[in-house]
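Here is a plain walk through one corner of a protein model, with helix packing as the main theme. Keep the viewer open as you read.

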Amino acid sequence: MLHPATQRLAEDMAGLLARDPHDLPDAALLEDTETLLRLHRRLDGLITTQLQVLDTRDVTTTERGRGTRAWLVEEQLLSRPEANTRMRLARSSLTRPAITDALRAGEIGLDHATTIVTFLPSLPSADQREEAEKLLLEAAKDTDPTTLGRGLRELADRLCLHETAEERAVRRHEGRYLRLTHTIGQMIHLDGMLDPVQGATVEKALTALMTPGGEIDFRTPEQTRADALADLAKLALNCGQLPDTAGEPTQICLIAQVEDLTRQLSPGDTPTTTLDGDTTITPNTLRMLACDAAIIPIVMRGQSEILDLARSTRTWN
């Protein structure tokens, strides 16, 4: 049964959605939108609090047979990164209630809170974490999350004035990380932090590979850098010096049904090609991978009978 306040909110939301924003004057439309954005932040704070209670009581396990994070993904259809973010904030609210309070008040947004919660554990002492939390909450009221994130390293240096150069280098090195997250759209999101030496090494390698793609290159600098990173990975795979386990270049297992090999394809037939048996790729992508791949032909009858499993070859016959 819904709480009466939640029921009233749902009814009021229906009224808001039924109106036409084109009917509002410019000034009223702007003020109304600002209010809705502030309410959105406050609702994120409320949801954070309720998720913390749900998780503490283990309600979703009792009522739905799955943990809170799994419930968010499987029943509420949140992406895994968003579910992880919301659970991190919910669990941190027990030890960092000021962050949740600022969110509930609409003073900061969900991205602000996530940035602060993620950064605080990197500081070495409890006193530094407490001081940083206060400074960051004040800064977040007038700063967008991206700018706030950029200033975190400078803040860490200011809070560690008594570090030696060696201690600072160790702290920075221990703060390194790299996360690769698969998105709903089958893209891969990269997020990370490198120490100064690692960063300079990677940056120098990427710069060397950021060559123009012809006389006219329509790629943005960000797209060129992404292509350079992929090229760097290809060079590493093809150099022959990576570990034997998971260090081989691309292998293409070409799986064909014997029936497909003994008949002519009709117009409109569309072969299905996947990467790792999951992600769908286009024929052009397959051709690109085949340029540097070890190709293993496999002839099948049905789903489980292998008629021929050949050795890998580096060229098409």
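Helices and strands here are DSSP runs (H or I with at least four residues for a helix, E with at least two for a strand), numbered from the N terminus. The expected span of a helix is 1.5 Å times one less than its number of residues.

A word on where this comes from: the model is predicted, so local features need pLDDT of at least 70 and side-chain atom pairs count only at pLDDT 80 or more, while totals for chains, interfaces and linings use all residues. Residues are numbered from 1 along each chain as its sequence is written, and side-chain values use heavy atoms, with hydrogens and water left out.

**The whole chain**

The protein chain holds 15 helices and seven strands. Of its 317 residues, 22% are buried, where buried means under 20% relative accessible area, exposed means over 50%, and partly exposed is in between (1.4 Å probe, protein chains only). Contact means heavy atoms within 4.5 Å. Take the contacts between residues at least 6 apart in sequence: 46% of them join residues at least 24 apart.

**Helix H5 and what covers it**

H5 runs over residues 80-92, which is 13 residues, and spans 18 Å from first C-alpha to last, close to the expected 18 Å. Which residues of H5 are buried? They are Ala83, Thr85, Arg86, Met87, Leu89, Ala90 and Ser92. Their cover includes helices H2 (26-57), H4 (68-74) and H7 (110-119).

H7 is itself mostly covered, with eight of its ten residues buried. Those are Leu110, His112, Ala113, Thr114, Thr115, Ile116, Val117 and Phe119.

**H2 and its two partners**

Two packed helices are described by the angle between their axes and the distance between the axes. Axes are lines fitted to C-alpha atoms, for helices over the stretch in contact, and the angles run from 0 to 180 degrees between N-to-C directions. Angles under 35 degrees count as roughly parallel, over 145 as roughly antiparallel, 65 to 115 as roughly perpendicular and the rest as oblique.

H2 packs against H5 at about 75°, with the axes 8 Å apart, so H2 is roughly perpendicular to H5. On the H2 side you'll find Asp44, Ile47, Thr48, Leu51, Gln52 and Asp55, and they meet Arg86, Met87, Leu89, Ala90 and Arg91 of H5. Sorted by class, this contact has five nonpolar, two polar and four charged residues. Here Ala, Val, Leu, Ile, Met, Phe, Trp, Tyr, Cys and Pro count as nonpolar, Asp, Glu, Lys and Arg as charged, and the others, Gly among them, as polar.

Now for H6 (residues 97-104): its axis and that of H2 come within 6 Å and cross at roughly 140°, which makes H2 oblique to H6. H2 brings Arg41, Arg42, Asp44, Gly45, Leu46, Thr48 and Thr49 to this contact, and H6 brings Thr100, Leu103 and Arg104. The residues of the contact of H2 with H6 split into two nonpolar, four polar and four charged.

**Threonine 48**

Threonine 48 sits in H2 and counts as buried because its relative accessibility is 3%. Leaving aside residues up to four places away in sequence, threonine 48 touches Leu89, Ala90, Thr100 and Leu103. What does the side chain of threonine 48 reach at 2.8 Å? The partner is the backbone oxygen of aspartate 44.

**Two loop residues with positive phi**

Aspartate 58 and leucine 77 go side by side here.

| Residue | Loop | Phi | Relative accessibility |
|---|---|---|---|
| Aspartate 58 | between H2 and H3 (59-64) | near 60° | 35%, partly exposed |
| Leucine 77 | between H4 and H5 | near 60° | 67%, exposed |

For aspartate 58, the positive phi falls in a residue other than glycine. The positive phi of leucine 77 is likewise in a residue other than glycine.

**Glutamate 174**

Elsewhere in the chain, glutamate 174 is placed in helix H11 (residues 165-174). Is this residue buried or exposed? Glutamate 174 counts as exposed because its relative accessibility is 60%. Glutamate 174 and leucine 194 are 20 residues apart in sequence, and their C-alpha atoms are 9.3 Å apart in space.

Methods. A polar contact is a pair of N or O atoms within 3.5 Å; within protein, one must be able to donate a hydrogen and the other to accept it, and residues adjacent in sequence count only if both atoms are side-chain atoms.
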